[in-house]
Amino acid sequence: MMNREDYVKQIPDYQYMRETVKKDENRLHFHLMPPTGWMNDPNGLCEFQGINHIYFQYTPFLAGWGTKLWGHYTTTDWIHFRECEPFLFPDCDLDRDGVYSGSAFVDGDKIHYFYTGNVKLQDKDYDYILEGREQNTIHLVSEDGVHAGEKQLVMTNADYPADMSKHVRDPKIFAKNGRYYMVQGARDCESKGCVLLFESEDLMTWKYFDRIVPEEKFGYMWECPDLFEVDGQEILIACPQGVPKSGHDYQNVYQCGYFPIEMDFENKKYKLGEFHELDKGFDIYATQTFLDENGRRILIGWMGIPDADYDNDATVEYDWIHALTMPRVLTYQDGKLIQKPLEELKSLRKNKMVTSITSFGEWTTIDCCFELSVKRDDENAAMILGLRDDVTLTYKDHILKLELGKSGHGRKQRTVQLNSLKNMTVYSDTSAIEIFINDGEEVMTTRVYSEKLNQKVRFLQSETDGEIEVYNLGSFVME
């Protein structure tokens, strides 16, 4: 357990961590990261009265796995951010082993929060799958997004279907036809992943409604579900665990993607489409979306992944680890979810350069923080683009390959199959790269830890000409 008073008392003893963090050249310029310690899933994303709230899984005094709080940033413009005191603490018997992931639902002049309170029993030898764990669904209300109201237990494992394991978590709320619905990720007793649906009339009393499950088993656990509509299409995002690699698909240890879905709530029927990965890179998991006050569906993900065979040790010695992706706006076009960075991030641009591929030659980066867009004359021509000394993007025979050398810290290569490569935009930060391909039809995200930050970007090979637009990028302002 840790309550607010415990947290405040420990701050002086761990002030050295903030000084250590400042010394790390791998601190990111335009990605959110923990002030100190550990960060993972984005939680409770919402805009309320003009303020965007970004909560996240947070272990402030340890750059490793530990008891989770909800850290908290706010912004009104996505450039200037305010670090707030942690929003939720594991301070009661219902969540004593961690305030796990959850969501926010704005209803009038209040924000309703739902999250999983984790309890891990220790009195016996448990497998922690079918026994030994409590996953409590907890509700609270805030009038400002900063001060949390009283915690209320709304569901326990006894309220979930009888054939579920002890792994039911990550509630996300939406409204439909005058009612409220909650999705939760789940693992049943036969280790089949699914999403559970619950229904409520008042956000207080919930009853089981239905489950969403594929015809054939697709992983043993689905985490971080999110059901929403964009451009007239209903989308179910989930993170299936236990899906084996298949060609260029499912190359990560766990997956993060979406199903187009047709929901008939009145008749409790649904039609689940084909699963698509949201990102073909190394570091993406636990995404969450929200609808902002401009009507944009915005997605943010954890720029990390559990149980990977590559590491982020380069930052651990500086007392921090992990980050969040750039915020992305979602649209649905021609049967596919499209992702593009927020327009507000364009204000980070400086030192514009426009040239051609043949005239580009090589360009020395400044602290590796840049945006580089390429539009190709021949969409099928081969190319090799060097982003850093040991980081390359190769396109040949409809396969785009991202390769990392020593600076990958165990990350080697990821591939995506394309019909053609029309264009791409690379966002390079000190220790992160995000690549948006064909106007956001595909994305590749990775952490990268280079021994030196000033490196050359150059075309090692290109069988076609095209236009290049380059900017140096500035930094978020932390207030």
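Q: Let's start with one residue: is serine 356 buried or exposed?
A: Relative accessible area is the value to read here, and buried means under 20%. This is a predicted model, and in it serine 356 has a relative accessible area of 18%, so this residue is buried.

Q: Where is serine 356 found, and with which residues is it in contact?
A: Begin with the element, then look for partners beyond the sequence neighbours. Serine 356 belongs to strand S23, residues 349-356. Leaving aside neighbours within four places in sequence, its contacts are Asp465, Gly466, Glu467 and Ile468. Closer along the chain, a polar contact of 3.0 Å links the side chains of serine 356 and serine 359. You can also follow the C-alpha atoms: those of serine 356 and glutamate 469 are separated by 8.4 Å, although the two residues lie 113 residues apart along the chain.

Q: Now the wider view. Which domains does the assignment give for the protein chain?
A: The assignment gives domain 1 (4-341) and domain 2 (349-478). Their centres, taken over C-alpha atoms, are separated by 29 Å. To the contact between them, domain 1 brings 41 residues and domain 2 brings 38 residues.

Q: How many residues has the largest nonpolar core, and which have the most contacts inside it?
A: For a core, look at its membership and then at its best-connected residues. The largest one has 53 residues, and those with the most contacts inside it are Leu372, Met383, Leu385, Leu393, Leu400 and Ile435. At least three of its residues come from each of domain 1 and domain 2. A second, separate core has 27 residues, among them Met39, Phe56, Met326 and Phe436.

Q: What does leucine 372 touch?
A: Not counting residues up to four places away in sequence, leucine 372 touches Phe360, Leu385, Met424, Thr425, Val426, Val457, Ile468, Glu469 and Val470. Leu385 is a familiar name, as it is also listed with leucine 372 among the residues with the most contacts inside the largest core.

Q: On to sheets. In what order do the strands of the open sheet with S24 and S33 come?
A: The general idea comes first: strands of a sheet pair through backbone hydrogen bonds, either parallel or antiparallel. Here 6 strands run in the order S24-S33-S26-S27-S28-S29, with antiparallel pairing. At the edges are strand S24 (362-364) and strand S29 (413-417), each pairing on one side only. From one strand to the next, the twist averages 15 degrees.

Q: Which residue is the bridge partner of glycine 386 in S33?
A: Find the pair of strands, then the residue facing yours. Strand S26 (residues 383-388) pairs with S33 in the antiparallel sense over 4 bridges. Glycine 386 has arginine 458 of S33 as its bridge partner.

Q: How is the pairing described in the open sheet that runs from S20 to S35?
A: That sheet also is open, with 6 strands in the order S20-S1-S2-S3-S4-S35, and its pairing is mixed. Its edge strands are S20 (320-321) and S35 (477-478). Within it, strand S3 (residues 69-75) and strand S4 (residues 80-88) pair in the antiparallel sense over 5 bridges. Threonine 74 stands opposite arginine 82 in S4.

Q: Back to the edge strand S29: which side chain does that of threonine 415 join in a polar contact?
A: Place the residue, check its burial, and then read its polar partners. Threonine 415 lies in strand S29 and counts as buried because its relative accessibility is 7%. Its side chain and that of histidine 248 are joined by a polar contact of 2.7 Å. Among the other residues that threonine 415 touches are Gln251, Lys280, Ile399, Leu400, Lys401 and Met444.

Q: Where does glutamine 455 lie, and is it buried or exposed?
A: A loop position alone does not settle burial, and this residue is a good case to check. Glutamine 455 lies in the loop between strand S32 (442-447) and strand S33 (456-462), and counts as buried because its relative accessibility is 5%. A polar atom of its side chain lies 2.6 Å from the backbone nitrogen of aspartate 389. The side chains of glutamine 455 and serine 450 are joined by a polar contact of 3.2 Å.

Q: Last, backbone angles: what is phi of aspartate 170?
A: Phi of aspartate 170 is near 70 degrees, a positive value in a residue other than glycine. This aspartate is in strand S9 (residues 164-176) and is buried, with a relative accessible area of 7%. Aspartate 397 also has a positive phi, near 55 degrees. That residue is found in the loop between strand S27 (391-396) and strand S28 (399-404), and counts as exposed at 59% relative accessibility.

Note on methods:
Residues are numbered from 1 along each chain as its sequence is written. This is a predicted model: local features need pLDDT of at least 70, side-chain atom pairs count only at pLDDT 80 or more; totals for chains, interfaces and linings use all residues. Side-chain values use heavy atoms; hydrogens and water are left out. A nonpolar core is a set of buried Ala, Val, Leu, Ile, Met, Phe, Trp, Tyr and Cys residues joined through side-chain atoms within 4.5 Å. Buried means under 20% relative accessible area, exposed over 50%, partly exposed in between (1.4 Å probe, protein chains only). Domain bounds come from an automatic or database domain assignment. Contact means heavy atoms within 4.5 Å. Helices (H or I, at least four residues) and strands (E, at least two) are DSSP runs, numbered from the N terminus. A polar contact is a pair of N or O atoms within 3.5 Å; within protein, one must be able to donate a hydrogen and the other to accept it, and residues adjacent in sequence count only if both atoms are side-chain atoms. Two strands pair if DSSP finds at least two bridges between them. Axes are lines fitted to C-alpha atoms, for helices over the stretch in contact, and angles run from 0 to 180 degrees between N-to-C directions.
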